[in-house]
Amino acid sequence: MTTSLRTAALGIAGLTLAGGAIAAPALAAQHTPGVQAASTAAASATTTPVTATSGSGSVDTSKLIPHGVQGEQSRITLSDEQTDNVKGIIAATKKAGMDERAAVVAIATALQESKLENLGHLGDRNDHDSQGLFQQRPSSGWGTVEQITDVEYSTTAFLNGLKAVDGWQDMPLTEAAQTVQVSAYPDHYAQWETQAAELVAQHWNS
């Protein structure tokens with residue numbers, strides 16, 4: 001992480017939900033079984049076209065991946081429950097008055113942290129007390145277990161943190177996500193940008 005990003009992350013840490021509850025979440029952020037790399041490795045800052053495929057109205061696709069994807073992209077097949085969580089993240093993003101790009105960042109983050117599963121405590125496999133879609137920690141000020149396992153609450157907490165990152169719109173996705181999440185694996189969010197953008201294009205107006 002760069003000095004400026006580290007400073008921004010430390011400056012954000014400890015905020016309450018009203019201002020964005022920021023802490024250090026994260027499951028072990030690794031390529032896991034069932035995760036497939038995209039058939040073509042995307043070079044750094046390669047632009048990937050995304051098309052809105054369903055729903056009424058249109059999605060401003062220029063907002064989805066404005067800086068190009070970084071590195072090889074991964075993809076998973078979503079269950080109905082995971083798709084419902086995508087829709088919940090998008091609904092919370094709209095309610096927060098944020099745009100499609102914010103939803104892409106949020107969904108990519110949740111793909112990395114939990115594979116879009118609203119996880120409870122995982123016992124020995126848990127990262128401290130991290131839970132929910134974004135692996136937020138009650139002990140670090142994100143909220144109660146009940147709150148951080150609520151899709152709207154946890155998404156709103158993440159988005160409030162994103163709003164507090166000066167210039168997040170101009171950052172590559174993985175830098176914006178990392179400044180909020182303060183993960184031990186800061187570069188791993190990048191691999192989900194294409195799938196996150198496709199999901200926003202598909203469900204933003206559904």
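I take a residue as buried when its relative accessible area is under 20%. Leu-116 has 0%, so I enter Leu-116 as buried. The model I am reading is a predicted one.

**Entry 1: the loop after helix 3**

I placed Leu-116 in the loop between helix 3 and helix 4. I then looked up its backbone and found a positive phi of about 65°, although Leu-116 is not a glycine. Most residues other than glycine have a negative phi, which is the reason I wrote the value down. Lys-115 lies in the loop between helix 3 and helix 4 (145-148). Its phi is near 55°, again a positive value in a residue other than glycine. I also asked whether Lys-115 is buried or exposed. Its relative accessible area is 15%, so Lys-115 goes down as buried.

**Entry 2: the chain overall**

I counted 7 helices and 2 strands in the protein chain. Along the sequence they follow the pattern α-β-β-α-α-α-α-α-α. The chain has 206 residues, and buried residues make up 49% of them. For the surface I noted about 9100 Å² exposed, with carbon and sulfur atoms supplying 49% of that area. I also looked at contacts between residues at least 6 apart in sequence: 72% of these join residues at least 24 apart.

**Entry 3: helix 2 against helix 3**

I looked up how helix 2 (residues 80-95) lies against helix 3 (residues 100-114). Their axes come within 9 Å and cross at roughly 145°. The crossing of helix 2 past helix 3 is right-handed. Which residues make the contact? From helix 2 they are Val-86, Ile-89, Ile-90 and Thr-93. From helix 3 they are Ala-102, Ala-103, Ala-106, Ile-107 and Ala-110. I sorted the residues of this contact into 8 nonpolar, 1 polar and no charged. An α-helix has 3.6 residues a turn, so residues three or four places apart point the same way. I kept that in mind when reading the two lists.

**Entry 4: two threonines in helix 2**

Thr-93 is in helix 2. I asked how much of it is accessible: the relative accessible area is 0%, so Thr-93 is buried. Leaving out residues up to four places away in sequence, Thr-93 touches Met-98, Asp-99, Ala-102, Ala-103, Thr-155, Leu-159 and Trp-204. I also took the C-alpha to C-alpha distance from Thr-93 to Ala-106, which is 8.5 Å for a pair 13 residues apart in sequence.

Thr-83 is found in helix 2 as well. Its relative accessible area is 17%, and since buried means under 20%, I list Thr-83 as buried. With neighbours within four places left aside, Thr-83 is in contact with Leu-78 and His-203.

**Entry 5: helix 7**

His-203 led me to helix 7 (residues 193-203). How many of its 11 residues are buried? The count is 9, so helix 7 is largely enclosed by the rest of the structure. The buried residues are Glu-193, Thr-194, Gln-195, Ala-196, Ala-197, Leu-199, Val-200, Ala-201 and His-203. I then checked what they pack against, and the partners are strand 2 (74-75), helix 2, helix 3 and helix 6.

**Entry 6: helix 5 against helix 6**

For helix 5 (residues 151-163) and helix 6 (residues 173-181) I noted an angle of about 110°, with the axes 9 Å apart. Angles of 65 to 115 degrees count as roughly perpendicular, and I therefore describe helix 5 and helix 6 as roughly perpendicular to each other. On the helix 5 side I found Phe-158, Gly-161 and Leu-162. They meet Ala-176, Val-180 and Gln-181 in helix 6. I sorted the residues of this contact into 4 nonpolar, 2 polar and no charged.

**Entry 7: Gln-73**

Last, I looked up where Gln-73 sits, and its place is in the loop between strand 1 (36-37) and strand 2. Is Gln-73 buried or exposed? At 4% relative accessibility, Gln-73 counts as buried. I also noted Gln-73 and Tyr-189, which are 116 residues apart in sequence and 9.9 Å apart in space, C-alpha to C-alpha.

Note on methods: Residues are numbered from 1 along each chain as its sequence is written. This is a predicted model: local features need pLDDT of at least 70, side-chain atom pairs count only at pLDDT 80 or more; totals for chains, interfaces and linings use all residues. Side-chain values use heavy atoms; hydrogens and water are left out. Axes are lines fitted to C-alpha atoms, for helices over the stretch in contact, and angles run from 0 to 180 degrees between N-to-C directions. Helices (H or I, at least four residues) and strands (E, at least two) are DSSP runs, numbered from the N terminus. Angles under 35 degrees count as roughly parallel, over 145 as roughly antiparallel, 65 to 115 as roughly perpendicular and the rest as oblique. Contact means heavy atoms within 4.5 Å. Ala, Val, Leu, Ile, Met, Phe, Trp, Tyr, Cys and Pro count as nonpolar, Asp, Glu, Lys and Arg as charged, and the others, Gly among them, as polar. A crossing is left-handed if the near helix is turned anticlockwise from the far one by less than a right angle, and right-handed if clockwise. Buried means under 20% relative accessible area, exposed over 50%, partly exposed in between (1.4 Å probe, protein chains only). Accessible areas come from the Shrake-Rupley method with a 1.4 Å probe; for residues, only the protein chains shown count as cover.
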